[in-house]
Amino acid sequence: MLDAVVVGAGPNGLTAAVELARRGFEVEVFEAADTIGGGARTEELTLPGYRHDPCSAVHPLGIGSPAFRAMPLDRHGLEWLHPELPLAHPFPDGTAAVLARSVGETAMSLGPRDAGTYRRLVAPYVGRWDNLARDFLRTAWDGLPVDPVTWARFGLHALQPVTLLSRRFRDEKARAILAGMAGHAISPTSGIGTAGLALFFALAGHAVGWPVPRGGSQAISDALGSYLREQGGAIHVGVEVKRLDELPPARAYIFDTSPTALARIAGLGNAYRHFRYGASVFKIDYALDGPVPWTAPEARRAGTVHVGPTAREIGAALRAATDGRAPDVPFLITAQPSVVDDSRAPAGKHVFWAYGHVPRGWDGDATEAIERQMERFAPGFRDLVLARAVAGPPQLAVRNANYVDGDIACGAFAGLQTAIRPKLARVPYATAHPSVFLCSSATPPGPGVHGMSGHHAARAVWRRLRGRG
Ligand SMILES: Cc1cc2nc3c(=O)[nH]c(=O)nc-3n(C[C@H](O)[C@H](O)[C@H](O)COP(=O)(O)OP(=O)(O)OC[C@H]3O[C@@H](n4cnc5c(N)ncnc54)[C@H](O)[C@@H]3O)c2cc1C
């Protein structure tokens with residue numbers, strides 16, 4: 001009998017497997033796709049020699065993750081590459097706000113009337129990233145925060161909607177860049193907790209940067225897989241698990257799946273019927289003949305570029321997607337890994353990654369709306385397109401069963417479900433079945449390539465197995 005079987009080789013499944021294998025448990029992983037990685041993969045989606053990240057591309061949460069930091073992933077091939085600027089947010093007049101590694105440069109880019117406010121907002125947290133990351137990426141059952149004072153202060157900011165936090169600022173630049181960072185939640189900017197996400201991403205930019213892995217996000221998964229094998233774990237790919245009794249006998253089963261799939265596979269009935277899935281995205285991966293011709297020079301130096309000229313427009317686009325309407329003017333999150341990683345495309349060519357938000361299950365085509373918006377900020381963009389690979393909600397759901405109806409967060413990251421997911425429980429990773437656990441981003445702390453859900457789930461499994469002797 002194995003000690004643990006993990007279903008799904010996404011960042012959380014692999015992290016859970018590694019953490020158990022490191023403690024001497026015998027672990028095997030079963031993955032439906034032909035390659036490991038889930039939302040952290042790299043493929044030649046368009047043309048030979050162009051290496052695209054179909055899902056995650058930029059990794060402030062990865063480099064800042066306490067779980068990943070405790071593993072020798074660099075020894076297993078993971079190398080972080082930092083663009084000159086983590087984030088640029090261009091405006092129609094050719095200027096841009098930026099999130100730079102330096103607080104001063106960031107503050108200056110917001111304009112003289114808001115620079116001081118930004119400095120005062122982030123000052124209490126600068127230099128405290130390690131504690132903040134541990135406390136932000138924890139779960140309520142984890143005991144007291146490491147740094148309760150900073151945590152409580154951060155909590156007062158974090159619980160606010162970003163629309164409220166933005167009222168401290170007088171000009172559009174600060175409001176738009178904050179709304180853009182909050183937009184990663186794929187929920188309206190008026191939602192509780194959205195200020196926390198914006199502030200957390202800003203602080204990550206100052207403390208650890210927003211890097212990309214050399215070679216693509218697959219490098220994170222390959223490093224986790226290689227470390228797991230070194231610890232004695234085994235990985236089987238191309239195995240879609242449909243029933244619990246198909247798996248080898250084990251003392252614990254850990255699911256890196258959606259709660260809906262877990263309930264179906266493990267026979268848990270309607271245990272997760274109240275779990276809500278959120279809006280989706282329309283993703284385009286481009287092979288380009290040259291770098292994106294952004295009008296704002298700062299955007300040419302950034303790894304990530306947010307395209308949404310005002311906080312109001314960003315809010316409207318996210319609201320439309322969550323209300324079930326495709327936005328006419330989408331808010332775009334874009335990444336240009338090849339500005340810093342020349343292994344992604346042939347010499348002189350580039351890969352470009354972009355998505356806008358659309359309703360869950362939407363089967364329309366947002367290519368025209370996305371490229372119209374790109375042309376506003378990078379005239380001539382379309383002329384550079386050599387090939388594109390598009391994926392709306394149905395295609396995303398086919399790529400990965402965890403993206404139910406195209407929800408890339410595996411459960412709406414909105415309202416109470418931001419913190420209480422998949423349902424109210426002392427140990428959210430445990431289920432009604434004593435040997436079955438959930439470790440995907442449907443559990444705290446939620447979406448992103450950080451492995452922390454896997455880390456917490458592994459601890460829950462370890463405690464349970466230790467208790468049983
Ligand atoms: C377009 C897009 C852009 C993103 N951008 C970023 C970003 O830039 N930075 C960031 O940090 N995050 C980003 N994310 C989010 C991030 O990818 C996810 O939050 C993260 O991958 C979740 O990890 P996970 O291990 O919980 O699940 P996943 O990574 O989804 O892995 C789940 C795995 O389980 C497998 N599986 C599911 N069901 C079964 C079954 N029945 N049998 C066997 N295997 C099964 C799946 O095939 C998959 O490999 C993005 C996601 C998408 C889709």
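1. Two rings of Phe, Tyr or Trp count as an aromatic pair if their centres lie within 6.5 Å, and such a pair is called edge-to-face when the planes are over 60 degrees apart. With that in mind, a search of the whole structure, which is a predicted model, finds 13 aromatic pairs.

2. One of these pairs is formed by Phe136 and Phe154, whose ring centres are 5.6 Å apart and whose planes meet at 85°, an edge-to-face arrangement. The two residues belong to distant parts of the chain, since Phe136 is in helix 6 (residues 129-136) and Phe154 is in helix 7 (residues 148-158), 18 residues apart. Are these two rings buried or exposed? Phe136, with a relative accessibility of 23%, counts as partly exposed, whereas Phe154 has a relative accessible area of 0% and is buried.

3. A second pair worth examining is that of Tyr286 and Phe381, which is edge-to-face because the planes of the rings stand at 85°, with the centres 5.1 Å apart. Tyr286 lies in strand 9 (residues 280-288), while Phe381 lies in the loop between helix 15 (367-377) and strand 13 (385-391), so the pair ties together parts that are 95 residues apart in sequence. Tyr286 is buried, at a relative accessible area of 0%, and Phe381 is buried as well, with a value of 0%.

4. Ring pairs also join into a cluster, which links Tyr125, Trp129, Phe136, Trp151, Phe154 and Phe200. The Phe136 and Phe154 of point 2 are therefore to be found among the members of this cluster.

5. Rings can also be considered together with charges, and here the ring of Trp462 deserves attention. The charged end of Arg23 sits over this ring, 4.4 Å from its centre, and the charged end of Arg466 also sits over the ring of Trp462, at 4.5 Å from the centre.

6. Turning to the ligand, 35 residues surround it, and the closest are Glu31, Gly39, Asp256, Asn400 and Gly448. The shell divides into 18 nonpolar, 13 polar and four charged residues. Which element gives the most to this shell? Helix 1 does, with three residues; helix 1 (11-22) and strand 12 (350-358) each supply at least two.

7. Several polar atoms of the protein approach the ligand. An oxygen atom of the ligand is 2.8 Å from an N or O atom in the side chain of Asn12, a nitrogen atom of the ligand is 3.0 Å from a polar backbone atom of Ala32, and an oxygen atom of the ligand is 3.1 Å from a polar backbone atom of Ala57. Taken alone, the ligand exposes 1000 Å², of which the protein buries 93%.

Methods:
Residues numbered from 1 in each chain as written. Predicted model: local features only at pLDDT ≥ 70, side-chain atom pairs only at ≥ 80, totals over all residues. Heavy atoms only, no water. Phe/Tyr/Trp six-rings, centres within 6.5 Å; stacked < 30°, edge-to-face > 60°. Helix = DSSP H or I, 4+ residues; strand = E, 2+ residues; numbered from the N terminus. Buried < 20%, exposed > 50% of the residue type's maximum accessible area, 1.4 Å probe, protein only. Lys NZ or Arg CZ within 6 Å of the ring centre and 35° of its normal. Near = heavy atom within 4 Å. Polar contact = N/O pair within 3.5 Å; in protein donor to acceptor, adjacent residues only side chain to side chain. Areas by Shrake-Rupley, 256 points an atom, 1.4 Å probe, with all protein chains shown as cover. Nonpolar A, V, L, I, M, F, W, Y, C, P; charged D, E, K, R; others polar.
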